[in-house]
Amino acid sequence: MKIPKVDKDRCIGCGLCVSLCPAVFELGKDGKSEVKNPKGACDLEEARDSCPVGAIELMVDG
Ligand code: SF4
C-alpha cells in the first residue's frame with residue numbers, strides 16, 4: 001500500500017493530480033493540492049509521474 005503526500009512548497013496548483021485522481025486529491029483553500037483520501041481508487045504512480053513539479057511523493061506503508 002502506498003500513501004501519497006503532497007509537498008505544498010512545490011505544488012503550483014495546476015490541478016492535474018485532481019483531474020487524474022479526484023478520489024484522492026483535491027485543491028485546498030490555498031489553491032494547492034492536498035490528500036483528501038489516501039486510499040481512494042487511483043493510479044498513484046501516474047499522478048506522481050504527471051506532476052510538473054514533482055510535488056507528489058508515494059510513501060510505502062507497512
Ligand atoms: Fe500540485 Fe502537482 Fe497536483 Fe499540480 S499535479 S496540483 S503541481 S501536486
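This report covers the ligand site, the cavity, the disulfide and three further residues of one protein model.

## Ligand site

The model is predicted. Its ligand is surrounded by residues from several stretches of the sequence listing: C11, I12, G13, C14, G15, L16 and C17, then S33, then C51, P52, V53 and I56. By class, this shell holds nine nonpolar residues and three polar ones. No charged residue belongs to the shell.

Two cysteines of the shell, C14 and C17, can be compared by accessibility. C14 has a relative accessibility of 46%. That value lies between the 20% and 50% cut-offs, so C14 counts as partly exposed. C17 has a relative accessibility of 11%. That is under 20%, so C17 counts as buried.

## The cavity

How many cavities of 30 Å³ or more does a search of the whole structure find? The search finds one. The largest cavity has a volume of about 100 Å³. Its lining comprises 15 residues, and the closest to the cavity centre are C11, C14, C17, S33 and C51.

What takes up this space? The largest cavity is the space taken by the ligand. The lining, by class, has 12 nonpolar and three polar residues. Charged residues are absent from the lining, and they are absent from the ligand shell too.

## The disulfide

A disulfide is a covalent bond between the sulfur atoms of two cysteines. A search of the whole structure finds one. The bond joins C21 to C42, with an S to S distance of 1.8 Å. Which parts of the chain does this pair tie together? C21 lies in the loop between α1 (16-20) and β2 (25-27). C42 lies in the loop between β3 (33-35) and α2 (44-50). The pair therefore ties together parts that are 21 residues apart in sequence.

The torsion about the S-S bond of C21 and C42 is about 60 degrees, so the disulfide is right-handed. Are its two cysteines buried or exposed? C21 is buried, with a relative accessible area of 1%. C42 is partly exposed, with a relative accessible area of 27%.

## Three residues and their distant partners

Three residues, K32, F25 and A55, can each be paired with a residue from another part of the sequence. K32 sits in the loop between β2 and β3. K32 has a relative accessibility of 26%, and so counts as partly exposed. Its partner is D9: the two are 23 residues apart in sequence, and their C-alpha atoms are 9.2 Å apart in space.

F25 belongs to strand β2. With a relative accessible area of 1%, F25 is buried. F25 and P4 are 21 residues apart in sequence, with 9.1 Å from C-alpha to C-alpha. A55 is found in the loop between α2 and β4 (56-60). A55 is buried as well, at a relative accessible area of 4%. A55 pairs with I12: they are 43 residues apart in sequence and 8.8 Å apart in space, C-alpha to C-alpha. I12 is also one of the residues that surround the ligand.

Definitions and conventions:
Residues numbered from 1 in each chain as written. Predicted model: local features only at pLDDT ≥ 70, side-chain atom pairs only at ≥ 80, totals over all residues. Heavy atoms only, no water. Near = heavy atom within 4 Å. 1 Å grid on protein atoms, 1.4 Å probe; cavity = no way out; pocket = protein on both sides within 12 Å on 5 of 7 lines; lining within 4 Å. Sits in = over half its atoms within 2 Å of the grid points. Nonpolar A, V, L, I, M, F, W, Y, C, P; charged D, E, K, R; others polar. Points joined across faces, edges and corners; volume = space filled by probe spheres on them. Disulfide = S-S within 2.5 Å. Helix = DSSP H or I, 4+ residues; strand = E, 2+ residues; numbered from the N terminus. Buried < 20%, exposed > 50% of the residue type's maximum accessible area, 1.4 Å probe, protein only.
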